[in-house]
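Okay, thanks everyone, let's get going. I'll put the structure up, and then we'll walk through the ligand sites and a crosslink.

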Amino acid sequence: MRAALFLIITFLLSTSLLHAQGEIKLNQIGFYPDAQKIAILPEDATGNFSVVDVSTDEPVFEAELSDPKFWELSGETVSIADFSEFTTPGRYRIEHHRGGHSFDFEIREEILRDLSKASIKAFYFNRASTELLEEHAGIWARPMGHPDDVVYVHESAATDERPEGYIFSSPKGWYDAGDYNKYAVNSGISTYTLLAAYEHFPEYYRGLDLNIPESGNGVPDLLDEIRWNLDWLLTSQDPNDGGVYHKITTKNFAGVVMPHEATADRFAVMKSTGGTLNFAAVMATAARVYSEYDPDFAQEAVEAAEFAWQWAVQNPEVYYVQPSDIQTGAYGNRQLEDEFDWAAAELYITTGNDEYWNAREFDQINVGVPSWSYVRPLAWVSLAHHRDNLTDAADLYLIEKRIMEQGEELLEEYYRSPYVITKGRYGRSDFVWGSNGVIGNHSLMLIQAYRLSGEKDFLNAALANMDYLLGRNATGYSFVTGFGSKPPMHPHHRQSAADDVDDPVPGFVVGGPQPGQQDSCEYTSDLPATTFIDHWCSYSTNEVTINWNAPMVYLTGALEVFKNQ
Ligand code: G3I
Ligand code: 9MR
C-alpha cells in the first residue's frame, strides 16, 4: 500500500514537473556568455524569476518579468524573462513560483559548435548511392541505397539524342528530405547556402572535422560533403543541349522503408527552366569556391553553368508540369524572374563578364527573404560578399542598400515581437510549409546586414531566431533532432522511421508549425505558430529537408565565428 502511494505521488510529481517545464520556453541547448538571454513565460506568471545553478540548487540571478504581450500568431499572452546580464558559464535552469521551471541549459563559449557539425552531418546521412559505415554513422549505419547508375529518361524529357527510355547514370547527391528523390530546384538554394557558408567563413570550416569518409583528404570536410551533391547535379545536365532535368525520381513516393529497400525504377523527368537556372547559379558559385582545391572541377563547373544559362535564355518559360504518371514532389514555380536574376549575378561574379550584369535590371529589383521558390535575395548576398571585386558595371551603393533595408525591415519585428524574434514580420506567410526554413533564412539575411554594418542588433536578432528553433517558440519543442531536452522523435524521415533505432537520425531541422494541415493528421491547434505535431503522419510540419537544414548550417557557423571572437 505504502509502495503504491509512493509510486502515485512520484508519478503525479513527475507529470506536474514536466508540465511546468514546458511552460517556460527557452533555447534548450544554451547561450554564449555575452549573448542576449531570454526565456518566455506564460501570462499568469508575474513578478520575479530566478536563474538557478543546477549543481547547487541555489539562485544566482534574479530579475523582474516584463509586462505581458499578446501574440496573435500563437494566441498567447506571454512575458519575457531577460537574464542577459548574467554571464557566468555553468549549467542552470529558470525558476518562477507560478511557471515552474525550465529545462536545464548551459552558458558557455562554443555553445553551437556541436550543432554546427551535426547540421552538416545530416547531409551525409542523406547521401544517396553509398553505404554509411558505422565508423562515420554510428548506430545509424545502413547499406547503400539508390545507386542511380540506371536512370531512365521519362517521356516528358525525351529528345532525339535521349529518347524516352534512354538510360544514363546519375549517382550520388543528397536525398531531398524524408523522401528519396533528388530535385534540381531544391538542390539550388540548399547547395548554395552551404557554399556561401564556406565562402564567407573559410577559416572556420577548414578547422571543422565532420568524421565523414573523406575526412583527412586535405580538403575541408564541408567542401567534401557539398561535392557529393555537386557530382550528382552535374550528371543531371543533358550534355547535348545544357538543359537540366527537373528531378531524378521514382514514379511514386516509397513506403516507409530503408534506402536499399526502395528499389523502384528512377526517371529523369522533364527539363525545366527553374531547375536549369538553379543549376547555373550553383555551378557558378561552386566554380569560385573550389578554385583553390580543385581548379579542374572549378573549370568544369563554370562551363556547365554557362551552358545551362544559354539553355535557359533560349527556353525561358519551360515551367514544370507534373506528368500524370509521376506523383512525387513538384517544386513547381511559374515565377522565374528571380531565378534569372540569381543565376546572372553568380555568373557575373564568377566570370567578371558584364554581359551577365547587363542581362538583368539590377537597379529595378528588390530583395526579400530567400526560399526554394524565391532566390533573388541570394543574388544580393553574393554581390554583397564580393562587392570589393566587382567590375565597374555593378552599383555598390545599391547592393549595400538592398541588404541593409532587408535587415532593418526584419529588426522592426524583433523589437516588437512578444517572443523577441523576427518571425511574424510577414504575418501568416512566415508560417508556410517549412516555416523553420523561413526563420533560418530571416537570420541568413540578418547576418548579411551585420557583416556589412557591424551593428550588433542584427547579430542579436539572428541569435534570437536560433533560440526560437531550439525551444523558445510556442510549441516548446527544440526543432532539431537529437538536440535539446524536447526534440522531435518521430520526424517524417523514412530512414528514421524504418530503421531499428529509437532515436531519429540527428542534426535535422523539421519543417515547423504552419496551419495548412495538408496531410490530414490530427492536430490540437489550427493557429499558425502552434500547428505542429511530432508524428510521422505530419509531413506538413514534421518532415526534414535539405533546404531547411542549410540555413541552420550557415547560421550555426556564422554564430560560432562571430560569438567566439
Ligand atoms: O506561396 C503560397 C502563399 O502565397 C500562400 O499564401 C500560402 C497559403 O497556404 O501558400 C503558399 O504556398 C505553399 C508553398 O509550399 C510555400 O512555399 C503551399 O501552400 C504549400 O503546399 C507548399 O508546400 C510545399 C510542399 O512541398 C508541397 O508541395 C513546400 O514548400 C515544399 O517545401 C515541399 O517540398 C517537399 C517536396 O515536394 C518533396 N520532398 C519533401 C519536401 C518537403 O516536404
Ligand atoms: O512522404 C512524402 C513527403 O516527402 C512529401 O513532402 C509529401 C508531400 O508531397 O508527401 C509525402 O508522401 C505522402 C503522399 O503525398 C500521400 N500519401 C502518404 C505519403 C506519406 O506517407
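So, start with the shell around ligand 1: by class, that's seven nonpolar, three polar and three charged residues. Before I go on, keep in mind that this is a predicted model.

Which residues come nearest to ligand 1? Out of 13 around ligand 1, the nearest are Asp176, Asp179, Trp372, Trp433 and Glu543. Two of those aspartates make polar contacts through their side chains. For aspartate 176, a side-chain N or O atom is 2.9 Å from a nitrogen of ligand 1. For aspartate 179, the distance from a side-chain N or O atom to a ligand 1 nitrogen is 3.0 Å. Then there's tyrosine 331, with a side-chain N or O atom 3.3 Å from an oxygen of ligand 1. As for burial, ligand 1 on its own exposes 770 Å², and the protein buries 56% of that.

Okay, over to ligand 2. Where does ligand 2 sit? It's in the largest pocket. Around ligand 2 you'll find Asp179, Phe253, Trp433, His492, Arg494, Trp536, Tyr539 and Glu543. If some of those sound familiar, they should: Asp179, Trp433 and Glu543 were also on the list of residues nearest ligand 1. By class, the ligand 2 shell breaks down into four nonpolar, one polar and three charged residues.

Now the polar contacts here, and these go to oxygens of the ligand. Histidine 492 has a side-chain N or O atom 2.6 Å from an oxygen of ligand 2. Glutamate 543 gives 2.6 Å as well, again from a side-chain N or O atom to a ligand 2 oxygen. And arginine 494 puts a polar side-chain atom 2.8 Å from an oxygen of ligand 2. Taken alone, ligand 2 exposes 450 Å², of which the protein buries 60%.

Last thing, the crosslink. How many disulfides does the structure hold? Just one. The partners are cysteine 521 and cysteine 537, with their sulfurs 2.0 Å apart. The link between cysteine 521 and cysteine 537 is left-handed, at -105° about the S-S bond. And what does the pair tie together? Both cysteine 521 and cysteine 537 lie in the loop between helix H15 (494-498) and helix H16 (546-563), so the bond joins parts that are 16 residues apart in sequence.

That's my tour, so over to you for questions.

Notes. Residues numbered from 1 in each chain as written. Chains lettered and ligands numbered in written order. Predicted model: local features only at pLDDT ≥ 70, side-chain atom pairs only at ≥ 80, totals over all residues. Heavy atoms only, no water. Near = heavy atom within 4 Å. Polar contact = N/O pair within 3.5 Å; in protein donor to acceptor, adjacent residues only side chain to side chain. Areas by Shrake-Rupley, 256 points an atom, 1.4 Å probe, with all protein chains shown as cover. 1 Å grid on protein atoms, 1.4 Å probe; cavity = no way out; pocket = protein on both sides within 12 Å on 5 of 7 lines; lining within 4 Å. Sits in = over half its atoms within 2 Å of the grid points. Nonpolar A, V, L, I, M, F, W, Y, C, P; charged D, E, K, R; others polar. Disulfide = S-S within 2.5 Å. Helix = DSSP H or I, 4+ residues; strand = E, 2+ residues; numbered from the N terminus.
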